[in-house]
Amino acid sequence: MSVDQPVLSLSDVDVHFEKDGGGLNPFADRPTIRAVDGVSLDIGSNDVVAIVGESGSGKTTLGKTAVGLQQPTGGSISYRGQDIWAAKKWRSNPSIPYEEIRRSLQIIHQDPGAALNPNRTVMSSLAAPLKRWQPDLGSEDREARILHFIERVGMSPPHDYAHRYPHQLSGGEKQRVALIRALLMNPDLILADEAVSALDVSLRVEMMDLMLELQSEFDTSFLFISHDLSNARYIAEHSGGRLGVMYLGELVELGPADEVLQNPQHPYTKVLKWATPELGVDEGPTEPPVREIDIPDPVNPPAGCRFHTRCPNATEQCRTDTPPAANVDTSGNHHVTCYRATDDDAYWNSTPLDGATLASDETTHDD
């Protein structure tokens, strides 16, 4: 999807790590983990993109790279047209100072308690970033603003919560404090990395609703990372945002949430949908639509389409060639990297791999 005047733009981003050795030879070559490979994504103003995938898919690494916490090994990341890492290293006289970029891109962690100083009250923890980023704000105005936010997120009476320490807060209350701290910076984008996964199921929807209310009020954008498709679907659908699916470092499908879930085009998206009973899928296979359960090692990902080792519809072409990104609909908002979404005769005339078939309930092809 092309976003007009994107707040954040990722272009062909790679993030590769050297795996820790642990062997007896410290001079031996260490294998490389391809955590993120060739991901491009634009996020606009007041936009919501939810990224979902299994553990090891690269979704958290992608999120941290997007907000400048991890330097990419390839490609580029721009904030309002300014390359983030060029600004950080003060190259080419940046048009936007790195300090402004840092303030504008905030993060909410999965464990907010780990990000809160146990020796500071809520008021003290929230006042610290305001003192740094808005030094001209007087103490009374600063305290009034913090109390307003505390009450706005449903922690009342605010004076009571303001003087509590982290150990005196529940998990949901800690997450609300983390949300306040991010919003106090007036950010353009907030990375919510598994921000609701540690909460009780009964509190997750309440927290996501609060995030979306405040996102609309403050005209900020969210990059929401989750391993849970039901959570990613909820926040993407209720915001009118997009749902992205990652597999072994690649963004294999991206589009409006309702389209991706009602008409999934990538076989891996269909696996995630099958494995999420909360979506209310009553029809379909009783067994998981995969040939292999085990996920390949990201140190040595499969050639061609990385899902071909598990895909029930993989052919010899999938094993050798990487499918290009294709537009599924005429609007250009729904993208997928799968030969089944194309009219490539080479795929449809290719030999299916062992245990695979070209036929499926969802897809037919006329020669």
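This report describes the strand pairing, the sheet order and the helix packing of a predicted model.

## The β1 pairings

Strand β1, residues 8-18, has two pairing partners described here, β2 and β4. With β2, which spans residues 32-43, the pairing is antiparallel and extends over 8 bridges. Within this pairing, histidine 16 has arginine 34 of β2 as its bridge partner.

Strand β4, residues 74-79, is also antiparallel to β1, and 5 bridges join the two. Here serine 11 is matched with serine 76 of β4.

## The open sheet

An open sheet is formed by 8 strands, and its pairing is mixed. The strand order is β6-β7-β8-β3-β9-β10-β12-β11. At the edges lie β6 (105-108) and β11 (326-327), each of which pairs on one side only.

Helix α1 packs on this sheet, where it touches β3, β6, β7 (189-193), β8 and β9. The direction of α1 makes about 155° with that of β8. Elsewhere in the sheet, strand β10 (residues 250-256) and strand β12 (residues 335-336) run antiparallel and are joined by 2 bridges. Leucine 254 is placed opposite histidine 335 of β12.

## Strand β3 and its neighbours

Strand β3 covers residues 48-52, and 5 of its 5 residues are buried. Val48, Ala50 and Val52 point one way, whereas Val49 and Ile51 point the other way. In a regular strand, side chains alternate between the two faces of the sheet.

In the sheet order, β3 stands between β8 and β9. Strand β8, residues 221-226, runs parallel to β3 and is joined to β3 by 5 bridges; valine 52 has serine 226 of β8 as its bridge partner. Strand β9, residues 242-247, also runs parallel to β3, with 4 bridges between the two. In that pairing, alanine 50 is matched with leucine 243 of β9.

## Helix α1

Helix α1 comprises residues 59-66 and is mostly covered, with 6 of its 8 residues buried. The buried residues are Lys59, Thr61, Leu62, Gly63, Thr65 and Ala66. After the helix comes glycine 68, which has a positive phi near 85°.

## Helix α7 and glutamine 175

Helix α7, residues 171-183, lies across β6, β7 and β8. The helix runs at about 180° to β6.

Glutamine 175 belongs to α7. Is this residue buried or exposed? Glutamine 175 has a relative accessible area of 1%, and therefore counts as buried, the cut-off being under 20%. Apart from neighbours within four places in sequence, glutamine 175 is in contact with Ile108, His109, Gln110, Pro112, Ala195 and Met207. Of these contacts, Ile108 lies in the range of the edge strand β6 (105-108).

## The α8-α9 contact

Helix α8 (residues 201-218) and helix α9 (residues 229-239) have axes that come within 10 Å and cross at roughly 35°. The crossing is right-handed.

Which residues of the two helices meet? On the α8 side they are Arg204, Val205, Met208, Asp209, Met211 and Leu212. On the α9 side they are Asn231, Tyr234, Ile235, His238 and Ser239. By class, the residues of this contact divide into 6 nonpolar, 3 polar and 2 charged. An α-helix has 3.6 residues a turn, so residues three or four places apart point the same way.

Technical notes:
Residues are numbered from 1 along each chain as its sequence is written. This is a predicted model: local features need pLDDT of at least 70, side-chain atom pairs count only at pLDDT 80 or more; totals for chains, interfaces and linings use all residues. Side-chain values use heavy atoms; hydrogens and water are left out. Two strands pair if DSSP finds at least two bridges between them. Buried means under 20% relative accessible area, exposed over 50%, partly exposed in between (1.4 Å probe, protein chains only). Contact means heavy atoms within 4.5 Å. Axes are lines fitted to C-alpha atoms, for helices over the stretch in contact, and angles run from 0 to 180 degrees between N-to-C directions. A crossing is left-handed if the near helix is turned anticlockwise from the far one by less than a right angle, and right-handed if clockwise. Ala, Val, Leu, Ile, Met, Phe, Trp, Tyr, Cys and Pro count as nonpolar, Asp, Glu, Lys and Arg as charged, and the others, Gly among them, as polar.
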